[in-house]
Amino acid sequence: VADGTNKKVRVLSKANLTEIGTIGNGGGRYPGQFLVVDAIATDAQGNVYTGENHHGKRVQKFVPGR
């Protein structure tokens, strides 16, 4: 779930919707940072992709365990 106020993505448990982790370390343009997260997607390997459509217009890929 995108949390624009805190500039991060919150990872929730599918079973009970409790937070089990977060992605992102604050607002900014550097890797791992967000300005405005517009889209979130996952793939079969558990990678998380985020898209931003604000000035920087970029996609970031997050790999589990890194």
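Five bridges join strand β5 (residues 48-52) to β6, and these two strands run antiparallel. That is a good place to start reading this structure, which is a predicted model. Within the β5 and β6 region, threonine 50 stands opposite glutamine 60 of β6.

Now widen the view to the sheet around this pair. Strands β4, β5 and β6 form an open sheet of three strands, in the order β4-β5-β6, and their pairing is antiparallel. Which strands sit at the edges of the sheet? They are β4 and β6, each of which pairs on one side only. On average, neighbouring strands of this sheet are turned by 20 degrees against each other, if direction is ignored. As you look at the strands, keep one general idea in mind: in a regular strand, side chains alternate between the two faces of the sheet.

Next, meet the hairpin. Strand β2 (residues 8-12) and strand β3 (residues 19-23) run antiparallel and are joined by four bridges. Valine 9 has isoleucine 23 in β3 as its bridge partner. Six residues lie between the two strands of this hairpin, where leucine 17 takes a positive phi near 60 degrees.

Glycine 21 is a handy residue to follow here, and its place is in strand β3. Leaving aside neighbours within four places in sequence, glycine 21 is in contact with Val9, Arg10 and Val11. The C-alpha atoms of glycine 21 and glutamine 33 are separated by 15 Å, and these residues are 12 apart along the chain.

How many aromatic pairs does the structure hold? There is one aromatic pair. The ring centres of phenylalanine 34 and phenylalanine 62 are 5.9 Å apart and their planes stand at 55 degrees, so the pair is tilted. Phenylalanine 34 lies in the loop between β3 and β4 (37-42), while phenylalanine 62 belongs to strand β6 (residues 58-62), so the pair ties together parts that are 28 residues apart in sequence.

Are these two rings' residues buried or exposed? The table gives the values for both, along with glycine 21.

| Residue | Relative accessible area | Class |
|---|---|---|
| Phenylalanine 34 | 0% | buried |
| Phenylalanine 62 | 18% | buried |
| Glycine 21 | 22% | partly exposed |

The cut-off explains the classes: buried means under 20% relative accessible area. Phenylalanine 62, at 18%, therefore counts as buried, whereas glycine 21, at 22%, is partly exposed.

Definitions and conventions
Residues are numbered from 1 along each chain as its sequence is written. This is a predicted model: local features need pLDDT of at least 70, side-chain atom pairs count only at pLDDT 80 or more; totals for chains, interfaces and linings use all residues. Side-chain values use heavy atoms; hydrogens and water are left out. Two strands pair if DSSP finds at least two bridges between them. Rings of Phe, Tyr and Trp (its six-membered ring) pair if their centres lie within 6.5 Å; planes under 30 degrees apart count as stacked, over 60 as edge-to-face and the rest as tilted. Buried means under 20% relative accessible area, exposed over 50%, partly exposed in between (1.4 Å probe, protein chains only). Axes are lines fitted to C-alpha atoms, for helices over the stretch in contact, and angles run from 0 to 180 degrees between N-to-C directions. Contact means heavy atoms within 4.5 Å.
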